[in-house]
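Reader: I am new to this structure and would be grateful for a close look at one part of it. Please take the salt bridges as the subject and set them in the context of the whole chain.

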Amino acid sequence: MKFKDDVIAARFNDMAILAKAVAEYMDIYAQEKYGIEIMLTATVSTKEEDLALGRESDTHRTRRAFDVRTRDLPESLIAE
């Protein structure tokens with residue numbers, strides 16, 4: 001699994017255990033089925049970061065959400 005930057009990587013360790021497990025499973029699945037590694041672009045955030053991004057949900061702040069980059073994936077994979 002790759003991370004957009006070091007802050008996101010460090011905050012991954014603070015995620016809720018179930019959200020972390022889902023991300024890890026997604027990465028294993030993507031590697032085994034498609035030979036790719038997923039990249040997380042967001043994990044745990046602060047209220048200030050959420051406001052700056054226009055997020056309305058608190059799921060990143062409560063450690064239950066993560067974002068996966070799709071722009072680098074082959075179009076055929078996104079269409080699945």
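Author: A salt bridge is here a side-chain nitrogen of Lys or Arg within 4 Å of a carboxyl oxygen of Asp or Glu. The model under discussion is a predicted one. By that criterion, Glu49 and Arg11 form a salt bridge through their side chains, with an N to O distance of 2.8 Å. Glu49 belongs to helix α3, residues 47–53, and Arg11 to helix α1, residues 6–12, so this pair ties together parts that are 38 residues apart in sequence. Glu49 is partly exposed, at a relative accessible area of 29%. Arg11 is likewise partly exposed, with 22% relative accessibility.

This bridge is one of five salt bridges found in a search of the whole structure. Another involves Asp50, whose side chain meets that of Arg55 at 2.7 Å, N to O. Asp50 counts as buried, since its relative accessibility is 0%, and buried means under 20%. Its partner Arg55 is partly exposed, at 21% relative accessibility.

Asp50 also forms a salt bridge with Arg61, where the closest N and O atoms are 2.8 Å apart. Here the link is between distant parts of the chain: Asp50 is in helix α3, while Arg61 is in the loop between α3 and β3 (67–68), and the two are 11 residues apart. Arg61 is partly exposed, with a relative accessible area of 29%. Through salt bridges that share partners, Asp50, Arg55, Arg61 and Asp67 are joined into one network.

The surroundings of this network include His60. His60 is located in the loop between α3 and β3. With a relative accessibility of 7%, His60 counts as buried. Apart from its neighbours within four places in sequence, His60 is in contact with Asp50, Arg55 and Asp67, among others. Further contacts of His60 include Ala42, Thr43, Val44, Ser45, Ala65 and Phe66.

Val44 and Phe66 lead on to the nonpolar interior. Both are members of the largest nonpolar core, which has 10 residues in all. The other members are Ile8, Phe12, Met15, Ala19, Ala23, Ala30, Ile38 and Leu40. The elements that give two or more residues to this core are α1 and α2. Of these, α2 provides the largest share, three residues.

Ile8 may be followed a little further. Not counting residues up to four places away in sequence, Ile8 touches Phe3, Leu40, Thr41, Ala42 and Thr43. Phe3 is partly exposed, at 25% relative accessibility, whereas Phe12 is buried, with a relative accessible area of 6%.

The aromatic residues deserve a separate word. A search of the whole structure finds three aromatic pairs. In one of them, the ring centres of Phe3 and Phe12 are 5.4 Å apart and the ring planes stand at 55°, so the pair is tilted. In addition, Tyr25, Tyr29 and Tyr34 form one aromatic cluster.

The surface offers a contrast to the core. Ile17, Leu18, Val22 and Met26 make a nonpolar surface patch of about 420 Å². One of these residues, Leu18, is found in helix α2, which covers residues 17–34. Leu18 is exposed, with a relative accessible area of 65%.

Finally, these details may be placed within the chain as a whole. The protein chain has four helices and three strands. Starting at the N terminus, its elements follow the order β-α-α-β-α-β-α. The C-alpha trace spans about 35 × 25 × 20 Å along its principal axes. Of the 80 residues in the protein chain, 24% are buried. About 5,600 Å² of the chain is exposed, and carbon and sulfur atoms supply 52% of that area. Among contacts between residues at least 6 apart in sequence, 60% join residues at least 24 apart. Within this setting, the bridge between Glu49 and Arg11 ties together parts of helices α3 and α1 that are 38 residues apart in sequence, while Asp50 belongs to the network with Arg55, Arg61 and Asp67.

Terms used:
Residues numbered from 1 in each chain as written. Predicted model: local features only at pLDDT ≥ 70, side-chain atom pairs only at ≥ 80, totals over all residues. Heavy atoms only, no water. Buried < 20%, exposed > 50% of the residue type's maximum accessible area, 1.4 Å probe, protein only. Patch = residues over 30% accessible without salt bridge, like charges linked within 9 Å, V, L, I, M, F, W, Y side chains within 5 Å. Areas by Shrake-Rupley, 256 points an atom, 1.4 Å probe, with all protein chains shown as cover. Phe/Tyr/Trp six-rings, centres within 6.5 Å; stacked < 30°, edge-to-face > 60°. Contact = heavy atoms within 4.5 Å. Core = buried A, V, L, I, M, F, W, Y, C linked by side-chain atoms within 4.5 Å.
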